Amino acid sequence: MEARARELFAPLGPSYDRYARLLSFGRDPAWRRFLVSRVQVDPGDVVIDLATGTGAVARELVRQKGCSVVGVDQSPEMLAEARRRLTLAAETGRVQLVEASAEELPFEDESFDGLTAAYLLRYLSDLPAGLRGLARVLRPGATASLLDFGVPPGPAPRALWNLYVDVGLPTLGRVISPGWHEVGRFLGGSIRQFDERWPVARLLDAFREAGFEDVRARRLSLGGCTVLWGRRA
């Protein structure tokens with residue numbers, strides 16, 4: 001699944017943030033801000049941001065928390081866009097970018113004071129093992145905060161969500177570009193399959209089993225996004 005994600009999103013770096021905001025009805029930046037708000041770190045701490053993409057969460061971590069960030073992504077194309085954006089931002093010196101897979105992190109045990117990941121969970125080939133890998137690189141007591149799309153649980157929001165992901169996303173994607181059309185066709189099925197296999201209650205159990213405690217989840221935007229967080233035991 002990581003390979004599929006790279007195939008889909010690698011060419012979209014220059015337009016990614018703009019159209020992620022548009023296709024989420026402006027909610028994507030707010031979701032990312034909430035993700036960052038759940039991480040309990042201080043200035044001087046170092047946070048690892050997985051699936052960093054264009055570096056939006058990494059920059060938000062610096063702005064909100066004053067920490068340093070190691071942004072990790074498997075896509076050299078996305079990292080190139082992140083570097084370009086960092087040269088234009090005040091956060092440049094606080095963010096280091098590393099090309100690596102989230103499932104094979106090239107870091108020592110207990111290297112980081114916090115962890116964030118946006119839109120990573122669906123692409124882990126072995127989710128329990130992937131979560132254990134995240135726990136491995138965190139110091140005891142460090143917070144991990146993870147964000148991904150969700151399926152709204154309420155009947156009316158779910159019906160609107162189904163209409164949007166089945167019709168709206170592919171149609172809007174087609175208007176934007178062939179690459180975004182492919183993303184629009186892909187996302188609905190990907191989100192549904194993950195929600196069926198890993199509903200929030202089961203995700204929280206997997207989070208605990210991976211070595212986290214005080215785990216919590218919050219649905220945002222009527223359930224169109226879910227943020228989970230917890231402390232490394």
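Which residue follows H2, and what is the sign of its phi? Select phenylalanine 25: this residue comes after H2, and its phi is positive, near 55°. Keep in mind as you click around that this is a predicted model.

**Stop 1: helix H2**

Step back into the helix itself. Colour Gly13, Ser15, Tyr16, Asp17, Tyr19, Ala20 and Leu23, which are buried residues of H2. Now zoom in on aspartate 17 and bring up arginine 85 as well. Their side chains form a salt bridge, with N to O at 2.6 Å. Aspartate 17 sits in helix H2 (residues 13-23) and arginine 85 in helix H5 (residues 76-87), so this contact ties together parts that are 68 residues apart in sequence. Both ends of the contact, aspartate 17 and arginine 85, are buried.

**Stop 2: helix H3**

Next, select arginine 32 and aspartate 28. They make a salt bridge too, and the closest N and O atoms are 2.8 Å apart. This one stays within a helix: the two residues are four apart in H3 (residues 28-37), which means about one helical turn separates them. Check the surroundings and you'll find arginine 32 and aspartate 28 both buried.

**Stop 3: a loop and a strand**

Now show arginine 122 with aspartate 148. Here the side chains meet in a salt bridge at 2.7 Å, N to O. Arginine 122 is in the loop between strand E4 (112-118) and helix H6 (127-136), while aspartate 148 belongs to strand E5 (residues 138-149), so the pair links distant parts of the chain, 26 residues apart. As at the earlier stops, look at burial: arginine 122 is buried, and aspartate 148 is buried.

Before leaving the charged pairs, select Asp17, Arg59, Glu81, Arg84 and Arg85 together. Salt bridges with shared partners join these residues into one network. If you want to keep hunting, the whole structure has 14 salt bridges.

**Stop 4: the cysteines**

How many disulfides does the structure hold? Zero. To see this for yourself, select cysteine 67 and cysteine 225. Cysteine 67 is in no disulfide, and the nearest cysteine sulfur, in cysteine 225, is 20 Å away. Why is there no bond from cysteine 225? Because its closest cysteine sulfur, in cysteine 67, is 20 Å off, too far for a bond. Finally, switch on a surface and look for each one: cysteine 67 counts as buried at 0% relative accessibility, and cysteine 225 also counts as buried, at 0%.

How values were computed. Residues are numbered from 1 along each chain as its sequence is written. This is a predicted model: local features need pLDDT of at least 70, side-chain atom pairs count only at pLDDT 80 or more; totals for chains, interfaces and linings use all residues. Side-chain values use heavy atoms; hydrogens and water are left out. A salt bridge is a side-chain nitrogen of Lys or Arg within 4 Å of a carboxyl oxygen of Asp or Glu. Buried means under 20% relative accessible area, exposed over 50%, partly exposed in between (1.4 Å probe, protein chains only). A disulfide is a pair of cysteine sulfur atoms within 2.5 Å.
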